[in-house]
Amino acid sequence: MARRKRKISKTLPWVIIILVFSAGGFLVGRNWWLERQAGLIRYREFGIPIPSNYTLHGIDVSKYQQIINWEAVKAMNVQETRIQFAFIKATEGNDNADFYFKRNWRKAKEAEMIRGAYHFFIASKDGTMQARNFISKVKLQSGDLPPVLDVEQTNGVGKTILQQRVKAFLYAAELAYGVKPVIYTNADFYKAYLSGEFDDYPLWVAHYLQPVEPRISRDWHFWQHSESGRVNGIAGKVDFNVFNGDSTDFAKLLMK
């Protein structure tokens, strides 16, 4: 009887290991099938599932990606899926500028990458002053994307003050560039603080772990679907985006 117990005790760990690996294999296979059903394709090179229902893919970067090889970003092509546009952080608050903006802005243009610039909004600061900071640093050209306001924090101010300052930024930017700026935010923040007041502005919405589209009731132009993609020419992880439309729609959005 004792000998049988010893035999079982030696066998049990192997049984557990086999069961764990079998369960893991099942989950991997199940996730792969669900991703395919949802229109997602997982490319090893990008490191994330890519929504396959969109034809125009892009990234957004800031100082956290450090020095970027834009030629390598532009050249990357995985089964006809390429990075076709990039949003680049330019400024923040009243007087801060992203350390790598000038280099990224110039090098992206040299690599013939369609580029856009964004401002990170500090709600506790004056909206017009923040717009002046952005306008002084960003000279948009024909073929660039419209200016972008990234607003995703209240910084302790109330909804009414937040909206007033956002409107001040947008008004000043539209006056300077002659186009409506794009608003970037996440789906929950838009619903809580911006919905109903900014619905006529182009929207770039962040909503992760969604298989087909962001869960938001209004129309949108760009969807940031992941924050952990990988691209040739960039050492760390990077945000991935898609454009909601075809190449003709995209061309209409660009600066004239």
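**Group meeting: burial, cores and a helix pair in a predicted model**

At 0% relative accessibility, Ala108 counts as buried, and I would like to begin with this residue, bearing in mind throughout that we are looking at a predicted model. Ala108 sits in helix 3, and once its neighbours within four places in sequence are left aside, the residues in contact with Ala108 are Trp70, Ile88, Met113 and Arg115. The C-alpha atom of Ala108 is separated by 9.2 Å from that of Ile68, although the two residues are 40 residues apart along the chain.

Just beyond that helix, in the loop between helix 3 (101-110) and strand 7 (114-120), we find Ala111. Is Ala111 buried or exposed? Ala111 has a relative accessible area of 5%, and because buried means under 20%, this loop residue counts as buried. Not counting residues up to four places away in sequence, Ala111 touches Trp70, Glu71 and Lys74, and for Lys74 the C-alpha to C-alpha separation is 6.6 Å across 37 residues of sequence.

Let me step back to the chain as a whole. The secondary structure comes to seven helices and 12 strands, and of the 256 residues in the chain, 45% are buried. If we take the contacts between residues at least 6 apart in sequence, 64% of them join residues at least 24 apart. The chain exposes about 13,900 Å², with carbon and sulfur atoms supplying 53% of that area.

Turning to the interior, the largest nonpolar core has 55 residues, of which Ile59, Trp70, Val73, Val138, Val231 and Phe240 touch the most other members. Helix 5 (residues 159-177) contributes the largest share of this core, namely seven residues. There is also a second, separate core of 15 residues, with Phe85, Tyr118, Leu145 and Phe250 included in it. To return to Val138 from the larger core, this residue touches Ala90, Phe101, Trp105, Ala117 and Tyr177, again not counting residues up to four places away in sequence.

Next comes a helix pair. Two packed helices are described by the angle between their axes and the distance between the axes. For helix 4 and helix 5, the packing angle is about 35° and the axes are 7 Å apart, while the crossing of helix 4 past helix 5 is right-handed. Which residues meet here? From helix 4 they are Gly127, Thr128, Gln130, Ala131, Phe134 and Ile135, and from helix 5 they are Arg165, Ala168, Phe169, Ala172, Ala173, Ala176 and Tyr177. By type, the residues of this contact divide into nine nonpolar, three polar and one charged.

One of the helix 4 residues in that list, Gln130, deserves a closer look. Gln130 lies in helix 4 (residues 127-137) and counts as buried, because its relative accessibility is 0%. Leaving aside neighbours within four places in sequence, the contacts of Gln130 are with Gly93, Asn94, His119, Phe120, Phe121, Ile122, Lys125 and Phe169.

I will finish with a residue from a strand. Ser228 belongs to strand 11 (residues 222-229), and its relative accessibility of 29% is why Ser228 counts as partly exposed. Apart from residues up to four places away in sequence, Ser228 touches Ile48, Lys237 and Val238. Between the C-alpha atoms of Ser228 and Phe46 there are 9.0 Å, with 182 residues separating the pair along the chain.

Methods:
Residues are numbered from 1 along each chain as its sequence is written. This is a predicted model: local features need pLDDT of at least 70, side-chain atom pairs count only at pLDDT 80 or more; totals for chains, interfaces and linings use all residues. Side-chain values use heavy atoms; hydrogens and water are left out. Helices (H or I, at least four residues) and strands (E, at least two) are DSSP runs, numbered from the N terminus. Buried means under 20% relative accessible area, exposed over 50%, partly exposed in between (1.4 Å probe, protein chains only). Contact means heavy atoms within 4.5 Å. Accessible areas come from the Shrake-Rupley method with a 1.4 Å probe; for residues, only the protein chains shown count as cover. A nonpolar core is a set of buried Ala, Val, Leu, Ile, Met, Phe, Trp, Tyr and Cys residues joined through side-chain atoms within 4.5 Å. Axes are lines fitted to C-alpha atoms, for helices over the stretch in contact, and angles run from 0 to 180 degrees between N-to-C directions. A crossing is left-handed if the near helix is turned anticlockwise from the far one by less than a right angle, and right-handed if clockwise. Ala, Val, Leu, Ile, Met, Phe, Trp, Tyr, Cys and Pro count as nonpolar, Asp, Glu, Lys and Arg as charged, and the others, Gly among them, as polar.
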